[in-house]
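Here are my notes for you to read alongside the model. Take the points in order and keep the viewer open as you go.

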Amino acid sequence: NLVVTMGAGDDYLELLQVRAPNATRIDTGDGNDIVFVDGVPSLSDFVKSDFGGKFVLRTGPGEDLFEFHNAVFRGEVDIRLGLGVDGACSSGSKFLTPHLGTFDGGGSSDGFHAIHIPNLTNFEFFPDDCTYLGGRY
């Protein structure tokens with residue numbers, strides 16, 4: 001299992017070319033947090049991050065961003081962004097069990113940028129890219 005627990009304060013977590021065959025749980029705690037997931041190019045291919053089991057992300061109060069690109073989610077996905085202005089954005093990611101996915105913005109003025117993401121709730125606007133909360137793309 002991959003378990004990441006961060007405390008109070010502003011945190012930045014970057015997961016590149018991660019292979020987590022079992023459950024993943026990330027809890028960012030309070031503060032303005034960014035969780036960034038992406039694949040990386042290799043000599044002949046692009047290696048995506050791959051999450052085999054249940055993927056859980058919890059963010060606490062604050063302005064939080066979950067930015068994920070080129071990732072594969074094979075199991076249930078449960079994203080709950082806490083109170084505050086939050087965002088989630090993605091490109092090139094795949095959900096192999098989309099009926100088991102939940103993305104909850106948590107209220108406030110939350111934004112979401114992606115295509116074909118399952119079960120969105122509590123997102124109020126849909127910007128053109130991920131830069132509105134400090135995202136890269």
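Which residue forms a salt bridge with D78, and how far apart are the closest N and O atoms? Have a look before reading on; keep in mind that this is a predicted model.

1. The partner is R58, and the closest N and O atoms of the pair are 2.9 Å apart. This salt bridge links distant parts of the chain: D78 sits in strand β12 and R58 in strand β9, 20 residues apart. D78 counts as buried because its relative accessibility is 7%, and the cut-off for buried is under 20%. There's also a third member here: salt bridges that share partners join R58, D78 and R80 into one network.

2. Now zoom out to the strands. β9 covers residues 55–58 and β12 covers residues 77–80; the two run parallel and are joined by four bridges. On the β9 side, F55 has V77 of β12 as its bridge partner. V77 also stands opposite G101 in β15. That fits the next pairing along, where β12 and β15 (residues 101–104) are paired in the parallel sense over four bridges.

3. What order do the strands of the open sheet come in? Trace it on screen: β1-β4-β9-β12-β15-β17, six strands with parallel pairing. At the edges you'll find β1 (2–5) and β17 (120–121), each of which pairs on one side only.

4. Next, the greasy part. Nonpolar side chains tend to be buried together in soluble globular proteins. In this model, the largest nonpolar core has 23 residues, and I26, F55 and F66 are the ones with the most contacts inside it. Several strands chip in at least two core residues each, among them β2 (12–16), β5 (34–38), β9, β10 (65–69), β11 (71–73) and β12.

5. F55 deserves a click of its own. Leaving aside residues up to four places away in sequence, F55 touches T24, I26, F66, F73, E76, V77, D78 and I79. You've already met D78 as the salt-bridge partner of R58, and E76 is coming up.

6. How many salt bridges does a search of the whole structure find? It finds four. Side chains of opposite charge can pair when their charged atoms come close. One of these pairs is R74 with D50, at 2.8 Å from N to O. R74 is in the loop between β11 and β12, while D50 is in strand β8 (residues 49–51), so this too is a link between distant parts of the chain, 24 residues apart. Are the two partners buried or exposed? R74 counts as partly exposed because its relative accessibility is 40%, whereas D50, at 14%, counts as buried.

7. Last one: the side chains of E76 and K54 meet in a salt bridge at 3.8 Å, N to O. E76 lies in the loop between β11 and β12 and K54 in the loop between β8 and β9, so the pair ties together parts 22 residues apart in sequence. E76 is partly exposed, with a relative accessible area of 31%, and K54 is partly exposed too, at 36%.

Terms used:
Residues are numbered from 1 along each chain as its sequence is written. This is a predicted model: local features need pLDDT of at least 70, side-chain atom pairs count only at pLDDT 80 or more; totals for chains, interfaces and linings use all residues. Side-chain values use heavy atoms; hydrogens and water are left out. Two strands pair if DSSP finds at least two bridges between them. A nonpolar core is a set of buried Ala, Val, Leu, Ile, Met, Phe, Trp, Tyr and Cys residues joined through side-chain atoms within 4.5 Å. Buried means under 20% relative accessible area, exposed over 50%, partly exposed in between (1.4 Å probe, protein chains only). Contact means heavy atoms within 4.5 Å.
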